[in-house]
Amino acid sequence: MTRWRVVVVLATALGLLLTGCVARKPNSGLSTPPAAVPLSELSGLTLQVGDQKGGTESLLRAAGQLDNLPYRVAFSTFTSGPPQVEAATAGKIDFAITGNTPPIFGAASNAKIKVVSAYGGGGAGNRILVHADSPIKTVADLRGKAVAVGKGSSSHANLLAQLDKAGLKASDIKFVYLQPADALSAFSQRQADAWAIWDPYTAQAEQQIPVRSIAEAQGVTNGDWLGVASDQALGDPKRNTALSDLLVRFEKAVQWARGHPQEWAQNYAAAVGLDPQVAAVAQGRSLRLPTDLGDDVIASEQRLADLFAAAGQLQSSPKFADWVDRRFNEALRPSLTS
């Protein structure tokens, strides 16, 4: 097993994913998937996989799903989903699991990627936090306030949806676009009135700082994660075969984690350097549960894309279905857990 990590700087990764990006010609999609290759012929292949906070590698490793692989996997560490989409478009990685929003921004910039898998269960840990002594009690109280959020992240979508639900517009608040580590610092120093964030950072903040949650994504946005593959990988017979195998292994790893929650939380804490209690809370409510990449997921993603466009955060709403490829659905369906 070859292991290496590259810390990706967000500033260079968001170039095509900013609010002002111009909608381009829709991604025309891929031709018929290449024929599967026998796993015995993959010994010389290295699959490049993006990761965030160790959530993919550590789960696969803890569940034993990286043992005796017929190919190799190299993991690269990213700060959030948008730079993973950028890296996949550039052919630097073959696959990554992101939140529900980075693929939307990718579609708006004509990214060379496809959504190939879906995972539910992320709504409860995707929250808007305020300090415990803050006068802000509801989302409506955010009018005129500064809110820290990762641009193009799932928390960005949650924030917009919560504002819309409360009858506010994006222009009614001040967006402070920061990645999690910088946002934690800014929020802790009260340079932002609120922080829209996802697990495990939510759980970390809730343990380290006296905070209150004024809203969570559960029941407001889909709370999904999406598996994103590069067009280049999907068009290559060997990488396509290896990816199919890895996706099944990830689903088996989730099944193991559900049956061994304490062991998984301990492994996760050790792997990514989190307090065991934080890891237990985060994984207890935000374990990525494989779900069907069906019409419901696509429709809910389209609603989010339309929300971003209506809020002026994207110049136009892409047709999300053009960036979805369901070729792995049949292989994954027997292992679905949600």
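This briefing covers the domains, salt bridges and backbone features of one chain. The model is predicted. The domain assignment divides the chain into domain 1 (42-121 + 224-335) and domain 2 (126-216). The salt bridge count comes to 14, and 2 salt bridges are counted between domain 1 and domain 2.

**Domains and annotation**

- Domain 1 is assigned as two stretches, 42-121 and 224-335, while domain 2 covers 126-216.
- The C-alpha centres of domain 1 and domain 2 are 24 Å apart.
- The UniProt record, an unreviewed entry, places the feature "domain: Solute-binding protein family 3/N-terminal" at residues 46-272.
- Residues 46-272 are 40% helix and 25% strand, and the C-alpha atoms at the two ends of the span lie 23 Å apart.

**Interface of domain 1 and domain 2**

- The size of an interface is often expressed as the accessible area lost when its parts come together.
- Between domain 1 and domain 2, about 1,800 Å² is buried, with 60% of it on carbon and sulfur atoms.
- On the domain 1 side, 24 residues are in contact with 24 residues of domain 2.
- Polar contacts across the interface of domain 1 and domain 2 amount to 10 residue pairs, both residues at pLDDT 80 or more.
- The side of domain 1 that touches domain 2 draws at least two residues from each of α4 (102-108), α11 (276-286) and α12 (295-310).
- With 6 residues, α11 gives the most to that side of domain 1.

**Salt bridges**

- Side chains of opposite charge can pair when their charged atoms come close.
- E57 and R61 form a salt bridge with an N to O distance of 3.1 Å.
- E57 and R61 are 4 residues apart in helix α2, so about one helical turn separates them.
- E57 counts as buried because its relative accessibility is 3%, under the 20% cut-off.
- R61, at a relative accessible area of 33%, is partly exposed.
- R333 pairs with D292 in a salt bridge whose closest N and O atoms are 2.9 Å apart.
- The pair of R333 and D292 links distant parts of the chain, 41 residues apart: R333 is in the segment after α13 (329-332), and D292 is in the loop between β11 (289-291) and α12.
- R333 is partly exposed at 34% relative accessible area, and D292 is partly exposed at 31%.
- R333 also forms a salt bridge with E330, where the closest N and O atoms are 2.5 Å apart.
- E330 is exposed because its relative accessible area of 59% is over the 50% cut-off.
- R127, D199, E206, E216 and R285 are joined into one network by salt bridges that share partners.
- Within this group, E206 and R285 form a salt bridge, with the closest N and O atoms 3.0 Å apart.

**Backbone features**

- Most residues other than glycine have a negative phi, and most peptide bonds are trans.
- N68 is not a glycine, yet its phi is positive, near 55 degrees.
- N68 sits in the loop between α2 (57-62) and β2 (72-78), and N68 is exposed at 74% relative accessible area.
- R190 likewise has a positive phi, about 60 degrees, without being a glycine.
- R190 belongs to the loop between α6 (180-188) and β8, and R190 is partly exposed with a relative accessible area of 49%.
- The peptide bond joining D199 and P200 is cis, with omega about 5 degrees.
- P200 is in the loop between β8 (194-197) and α7 (201-208).

**A buried loop residue**

- S153 lies in the loop between β6 (146-149) and α5 (154-165).
- S153 counts as buried because its relative accessibility is 4%, under the 20% cut-off.
- Apart from neighbours within four places in sequence, S153 is in contact with T101 and W198.

Key:
Residues numbered from 1 in each chain as written. Predicted model: local features only at pLDDT ≥ 70, side-chain atom pairs only at ≥ 80, totals over all residues. Heavy atoms only, no water. Buried < 20%, exposed > 50% of the residue type's maximum accessible area, 1.4 Å probe, protein only. Contact = heavy atoms within 4.5 Å. UniProt positions renumbered as here; feature names shortened; annotations may be inferred. Domains from an automatic or database assignment. Buried area = accessible area lost by both parts, 1.4 Å probe. Salt bridge = Lys/Arg side-chain N within 4 Å of Asp/Glu carboxyl O. Polar contact = N/O pair within 3.5 Å; in protein donor to acceptor, adjacent residues only side chain to side chain.
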